[in-house]
Amino acid sequence: MSNDARTPDGEAVAPRRDDAAAPARDGAPADGARRTRVAVLFGGRSGEHPVSCATAAGVLRAIDRDRYEVVPIGITRAGEWVLTADDPARLEGGRAEIQPADGRLLVPLGERPGPLVVAEPGRVPDELAAVDVVLPLLHGPYGEDGTLQGLLEMAGTRYVGSGVLASAVGMDKHYMKVVLAGHGLPVGPYTVITPRAWRTDPAAALDAVASLGLPVFVKPARAGSSLGITRVERAEDVAAAVEEAQRHDPKVIVEAGIVGREIECAVLQGHGDDAPRTSVPGEIVLDQPAAGFYDYETKYLDTAALTMSAPADLPREVADRVRELAAAAFEALGCEGLARADFFYTDGGDVVINELNTMPGFTPFSMYPLLWEKSGLSYTELIDELISLALERPAGLR
């Protein structure tokens, strides 16, 4: 059996299987024990593949190498898992792609985590040491939506972030709003256009949209990073916006435009039975809102067009209300690990929750880590905290 698993570029990356003692549960190596092995997982099949790569670059630069042994794993657009070089520079810039390789990474399923296996045509498979925890930095479908979380549960492997149900609900803006409203949280008016409804009775779907007034935001129901979103100000443009959203997801949600400031709040799971922790609220301010909203280009490619203000300039009672609602939304969905809650603060003084992201943008320049930095937790400390939370809980029902 080979002892030197390598990336497609020939770089040795992952440790061989061994019988070293398990690390302490808080992630710190005990005397004579190895470091905690963390699989950093990124890329993926969704349209947010480059965003995931940029997130991984930031984490690979910041993670504490004295505490953690890192195994970088990329997922290609086709869904193949490959070992990748531990080189953040290759993943930065918002346009990176994970390339296919001759060897695929196989994940064993079972009650307990087993060794990862690299299978290459014509070679004896390489067994790699089992990882202690997975840090899944994937955004969008096939990563953030419960599918990956289900696989890790089947593999008996601990992982950072929410479980299957919370991830699935958090990815689907329709059912997220159903759950939030069912818990008495304030959500804005919306309608949903299913693929069957659009095929069989588009006129009725357009009538439902018209009842929301203008402007509206037409969105893929299960996508993130503002992909496929259109702000619509004329009724005759709704159909084209629906079809644009359907390029990313057959199911579409249409939200009434809410006039207000965009406020965000970061949430961290509490340790043990402690309540969720919330950061200071922050605000997204578009300096040149050409698109009329916080779109993909502005988020990741033209960040000079926005200002992230933290803490947001809010009355104390409003900031407290935002934090209260963020924690309540986190618990309503049954989230674990981390989430970011997004709100509108209207001129009338109302706070309306727009959505909850179970794997928010996590580059060093994203709002989620910025809010925690302003709340006293650095980027490196935040990564460590998330890994510690994942190590505290078992895989499976809990």
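In helix α11, the buried residues are Tyr379, Leu382, Ile383, Asp384, Glu385, Leu386, Ile387, Ser388, Leu389, Ala390 and Leu391. Here "buried" means under 20% relative accessible area, "exposed" means over 50%, and "partly exposed" is what lies in between (1.4 Å probe, protein chains only). So α11 is mostly covered, with eleven of its 14 residues buried. Helices (H or I, at least four residues) and strands (E, at least two) are DSSP runs, numbered from the N terminus.

Keep in mind that this is a predicted model, where local features need pLDDT of at least 70, side-chain atom pairs count only at pLDDT 80 or more, and totals for chains, interfaces and linings use all residues. Residues are numbered from 1 along each chain as its sequence is written, and side-chain values use heavy atoms, with hydrogens and water left out.

How far apart are the end C-alpha atoms of α11? They are 20 Å apart, which agrees with the 20 Å that 14 residues (379–392) should span at 1.5 Å a residue. The expected span is 1.5 Å times one less than the number of residues.

**Rings**

Tyr379 of α11 also takes part in some ring business. Two aromatic pairs turn up in the structure; rings of Phe, Tyr and Trp (its six-membered ring) pair if their centres lie within 6.5 Å, and planes under 30 degrees apart count as stacked, over 60 as edge-to-face and the rest as tilted. Phe362 and Tyr368 have ring centres 6.0 Å apart and planes at 35°, so this pair is tilted. Phe362 and Tyr379 make a tilted pair too, 5.5 Å centre to centre with 35° between the planes. That second pair links distant parts of the chain, 17 residues apart: Phe362 is in the loop between β18 (351–357) and α10 (367–374), and Tyr379 is in helix α11. Put together, ring pairs link Phe362, Tyr368 and Tyr379 into a cluster. Phe362 and Tyr368 are both buried, and so is Tyr379.

**Charges**

Asp384 of α11 has a partner as well: its side chain makes a polar contact with the side chain of Arg67 at 2.9 Å. (A polar contact is a pair of N or O atoms within 3.5 Å; within protein, one must be able to donate a hydrogen and the other to accept it, and residues adjacent in sequence count only if both atoms are side-chain atoms.) Arg67 sits in the loop between α1 (49–62) and β2 (68–75), and is partly exposed at 21% relative accessible area.

A search of the whole structure finds 26 salt bridges, each a side-chain nitrogen of Lys or Arg within 4 Å of a carboxyl oxygen of Asp or Glu. Here are some of them:

| Salt bridge | Closest N to O |
|---|---|
| Asp237 and Arg234 | 2.9 Å |
| Arg261 and Glu283 | 2.8 Å |
| Glu336 and Arg398 | 2.8 Å |

Glu336 lies in the loop between α9 (316–332) and β17 (338–346) and Arg398 in the segment after α11, so their bridge ties together parts that are 62 residues apart in sequence. Glu336 is buried at 14% relative accessible area, while Arg398 is partly exposed at 45%. Both belong to a network of salt bridges that also links Glu153 and Arg393.

What about Lys173, in helix α4 (residues 173–182)? Lys173 is buried yet has no salt bridge, and the nearest side chain of opposite charge, Glu355, is 4.4 Å away. (Lys and Arg count as positive and Asp and Glu as negative; His and the chain ends are not counted.)
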